[in-house]
Structures are given as structure tokens and as C-alpha cells.
Amino acid sequence: MSELSGEVFYPDPAAAGAAHVPDHEALRASAAADPLRFWADRASELEWFKPWEKVLDASNPPFFKWFTGASTNIVHNCIDRHLSGPYKNKLALIWVGENGTDHESYSYFSLNREVTKMANVLRAMGVTKGDKVTIYLPRIPEVVFAMLACAKLGAVHSVIFAGFSADALQDRIGDSESKLVITADGSWVNGSIFRLKDIVDEALRFSPSVENVIVVRRTGHEVVMDPLRDHWYHDLTALPIAKGPCATEPMDAEDTLFILYTSGSTGKPKAILHTHGGYMVGTYTTLKYTFDIRDEDRWWCTADPGWITGHSYLVYGPLLTGATTFMFEGGPTYPYPNRWWQLIEHYGITTLYTAPTAIRSLMRFGEAWPNRHDMSSLRLLGSVGEPINPEAWHWYHRVIGKGRCPIMDTWWQTETGMFQICPVPSMPLKPGSGGKPFFGQEAEILDEAGNPVPDGEEGFLVLKNPWPAMLRTLYKDDERYVNTYWSKYPGKYLAGDSARRDADGYFWVIGRTDDVIKVSGHRLGTAEVESALVSHPAVAEAAAIGLPHDVKGHAIHVFVVLRMGFESSPALAEDLRKHVATHLSPIAKPDGVDFAEKLPKTRSGKIMRRVLKARALGQDEGDLTTLDE
Ligand code: WT7
């Protein structure tokens, strides 16, 4: 191999393991020569009720279809096929509650029992193939059962992160036309009860599509139950309807598996649509290769199932590979900042997959906390959600990985469903770079006009080849799908990120180029924050920007123009911050509120957030010719 430039780490293959991809260069070359062959071979490792006629149907781009003509069900591959093999009694899911005393574990056999039970209940409530089901649950095993039960029946799940407000939940339920909502009485957040069911009640006041609500008991506090609409899950499972087997519905490879709402450039969240066949092959392959999944692994992805990372790499990917997936209800610092390290020691976690923001927040507490624990079970580490800064990379590598564990920095998106730019453990690593496009993929950095920029220069990141787990469209909005991702550079997928490629072919993602802000790895749209603000009686106009933040990566900063008769004050600023937290989500709570007389706009009336950002950072405001001032 040629000499690589910059800071490079060469993982020790014996220690890190590279069982599935011992020679990444050879595999990269063969997958590049024939990507469809590569994907067909991977798909053959899974079970299909009926084989595909074509691996890829690219006859109507950008509406690509994968494994056309094939029939399968992702649940058949996540669960059913393991029941007749050596994994039947292997642990599929280990769950630990925030209080540390609640814990449950499920073998593939018992996971099947729970998923079957929930599927029987859903079916008895009238859920059939193609129906939409909203899942609004804390990080408890039932969220996994619910997702898999929907998929087993061919229903389409829409998981909403349980930190979203009633307004956000209502929008998403309404848009998806869900007829059923699965929730819990409450969730535990750092020792306090977050009253989930109350939020659902509020959201459902204006949600005519919803016929039934299933409520899982978690926190045990008193909740109001609508006798016609709301049902305790434990009551339902005690009924005869819950008993007995439940067939796994054969699905066309292109049938919808789930929709997942994410933020874009407008205030209206968009629902990314993924399918059974391609998503299954993509998540299975990327997890297996990048994290070198082995039989004895205990895999911990710290993401919430409410985000794509939880879908692909907490639930589906690990079960497809027959791994043991670990799920923790709580956060990293409650009651003490050694919580994660203690769990790694106690459960013998081999692979930890988390976000840079979590690493940075834990770094602040010093090395003594992790050093109290024996974390020698760790073999590999992972990073996702935002660029990882060199300080955080080194701390993660040295203090958590003891210099032994390679860090797999995986770049991907809700839309891509699976990793797109990521290393494998046999590949030299550069701190802060995700390495190279996954096998079979090619990426490019383009300038405004669509020409590739020279290595080392910043530009728009695009993906050149279709991939199996790609989004198929935006639910109910084909036009927005085409416009958002495929119209700037026809034939190429526009990621919405700026990036560089270095002379060694490694990609360095810099950040979003659109009106999306990554706050603690969570994706938020400036327009969503702004619309939450203008719903406050004092606010006439608002603009939100992301400013660099040591722990969160970016923090939200807002500028508001008040209505006549309202006066700026610290109390009003605090009230506005809280308003965003309750009307959108606590994760969207602005760090800073500035009152302004007016906002910089173009002559056509568009807010120039770029100008606000430059001013806030004391930078050059750039080209102001379009400014209407
Ligand atoms: C955006 C997608 C799918 C992962 C969870 C986030 C940023 C994601 C990385 C990374 C640099 C990253 C990008 C991307 N991002 N992973 N390893 N390095 N940036 O999914 O919420 O859809 O956000 O997250 O900006 O576009 P998402």
C-alpha cells in the first residue's frame, strides 16, 4: 500500500479483527468492477421466499428498485430464520432500565414469542398490510417488539422520537394517517417521569385517523384512559387474541417497511420511505463488514430507535446478522458519568457505537470515571451523526479504546438507510475522516456548476451509484424527493453536506449546506424552530441559525422581531426558549435569543441566515448585493 498522508492509525488486524473483510482493497476493486454482483452476492446470504428477477431496476431514475420480483420479509431474516438454526437460544436483545435494577434479556426464541404476541394483538385490532402505525415509546423492549410486529404483518411503522412535543407528534400522525398509536404511560428521564401519554392525548385531539391507542405500562403513574380508544398493552396480551402463532407476511422486496420523519429545508418534516428487501440487504451488509460482527459480539448502539441509527443499527442490522444487541433506557451521565462504562464492564460489550457529542460530554468529566472500569471486552468503537473533532477522537481512542480499538467513523443519513462512507477494521484510519465510500459506492465533491473540485477543496458531496437501502421516495411527495436530492446534479444524489476528499481518497465531511442544523447529532430544521417561535404571541418574525458549540457541535441561536406592544427582556427570552422546547422538542431549545429590530432579507423576502451567522461569529458578511436593507 502506498504511503498515506496526515495522521494515520494502522489498526492491528489481529486485535481489531477483520474476519469478514481481510483485504479491503481487493474487495473494493471487485465491488467497483461489478456493484450489482457484489449486492446480489450479499443478498444471497439472506433468505427469500421468492428470488429476484433483477438486482436493480434503473429504468425510471431516480425511482430505483432493488431485487424486483423477489418476495421476503425483513422479520423472516431478523427472527424466523434464526429459530431453526444455532442462534435459536442465543441472546438477541439485552435491555437495562435507567434505574439499573430493571433488566430483561430475550433470546431469538423469546424475541419471536414477544413479537408474535404483539403482532397478534395488532392484527386483532385490525392492522393489516400497508396500514400505518405510529410508535411513540421510550427506549424499552416494547419499541423493538412494536417495530418488528408491524413489519411481520406488513404494516408500515412510523417511529417518533419520544422527545418530540404534542404539536410535532400530531403533525406526523396526521401526515402518515396512522390508525393506531403505540405509546407508554411515561418514560424515565434522569430519575423523573416524562408524561408521554399526556402528550399523546393532546396530539390526538386533532388526529381523526387514529382509532386505537395501545399503552405500555412503564412508569406506573396514574394516566387517563379513554375507554373506547385506549388499551393497556398488558390487558390485551392477556386476551386469547394474543395467543398462538402468527404468520410472517410475504412482502414484495419493494413493499414499504417504514417511514421515518426527518428535518429538511422547509418547516414541513418529510417522511423518508424505506422498503423490505433493499434496506434489509444494505443494513445487514454494512453492519457485518464495517463492525466485523462475530458470533460472540455484544453490540451496543446508543441511539434511540426514534432515529434512523436506532432503526438500522440497534434493531434491524444486528438482528439480521444474528448478533446480540444491547439497549439502555437511560443516558450517559445519570446518576453518575460512569454509567456507560459500568454497563460496558458488566455486560462485556465488545462494540460501542455512539455520537461525538456524547464523547465530548463525557470527556468533560475526566478520565477517572472510565478508568475505574475494566473495559477490556471492547474490540471496536464507532462514531456517527456529525464530524468527530480530533480531540474527541483521540480521547475516545486512548481512554475508552485503550489505544487498541479502531474507531469506525460512519457517514450516512436517514435517507441513505445504511453507511455510505466508512472504514472497515482492516483499513488505516485518519481521525476525523470516515474513510472511503462503502463497497460498490462512489462519491464525488462537486462545485456549484457540477464539476469535480480538486482534492483538498471543499464542495458538495454527492453519491454516484444507487444502493440497496436508499430511500425510495418521500412519502406522498415524489416531487420533493426529486427536487431535494436529484435535481441540482441530475443523475447524482445530493447529500446536503459539504466535504473534501484528500489525495489518499479519504473523505472529510464538514457539515450541512442547507438549512439543517445538527444539534448534539440530532437533525433539526431552522424552519421548524422558526415556526415554533412565531406561534408565540410576542413573536412577529424569527430566524434560527446554528453556532459552533463545544459539546453539542452546533447550538441553536435565534433572532426574533417582536410584535408591537411587546418589550424585549431576559424573562421573555427565557419564555421563548421554553416555548420552543414544549412546542417542538427539548432538543431544539435555543441556547441564545437575540431581539432584533428587523432581519436581513433578500429583496424577494428570504431571510439571509448566512448574514446573521457571519455577524454572530464576527466574520465577513460576504456578498451583500441581494440584501434589502
Ligand atoms: C447528517 C444526517 C444516519 C446517521 C445519523 C444521522 C451528519 C452523520 C456523520 C459522520 C460527519 C455526519 C451529516 C449528514 N453526519 N454522520 N460520521 N461525519 N457528519 O442521520 O439525522 O439523517 O443526519 O448527519 O451532516 O448529512 P441524520
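Visitor: How many residues surround the ligand, and which are the closest?

Guide: A residue belongs to this shell if one of its heavy atoms lies within 4 Å of the molecule. Here 17 residues surround the ligand, and the closest are D409, T410, T414, K518 and R523. Keep in mind that this is a predicted model, where local features need pLDDT of at least 70, side-chain atom pairs count only at pLDDT 80 or more, and totals for chains, interfaces and linings use all residues. Residues are numbered from 1 along each chain as its sequence is written, and side-chain values use heavy atoms, with hydrogens and water left out.

Visitor: Which atom of the ligand lies 2.7 Å from a backbone N or O atom of T410?

Guide: Look for polar contacts, meaning pairs of N or O atoms within 3.5 Å. For T410, the partner of its backbone N or O atom is a nitrogen atom of the ligand, 2.7 Å away. T414 places a polar side-chain atom 2.5 Å from a ligand oxygen atom, and a side-chain N or O atom of K518 is 2.7 Å from an oxygen atom of the ligand.

Visitor: How do the residues of the shell around the ligand divide?

Guide: Sort them as nonpolar (Ala, Val, Leu, Ile, Met, Phe, Trp, Tyr, Cys and Pro), charged (Asp, Glu, Lys and Arg) or polar (the others, Gly among them). In this shell, six are nonpolar, five polar and six charged.

Visitor: And away from the ligand, which residues have the most contacts inside the largest nonpolar core?

Guide: In soluble globular proteins, nonpolar side chains tend to be buried together. Such a core joins buried (under 20% relative accessible area, 1.4 Å probe, protein chains only) Ala, Val, Leu, Ile, Met, Phe, Trp, Tyr and Cys residues through side-chain atoms within 4.5 Å. The largest has 194 residues, with I74, L122, I135, L148, I182, Y316 and L461 making the most contacts inside it.

Note on methods
A polar contact is a pair of N or O atoms within 3.5 Å; within protein, one must be able to donate a hydrogen and the other to accept it, and residues adjacent in sequence count only if both atoms are side-chain atoms. Buried means under 20% relative accessible area, exposed over 50%, partly exposed in between (1.4 Å probe, protein chains only).
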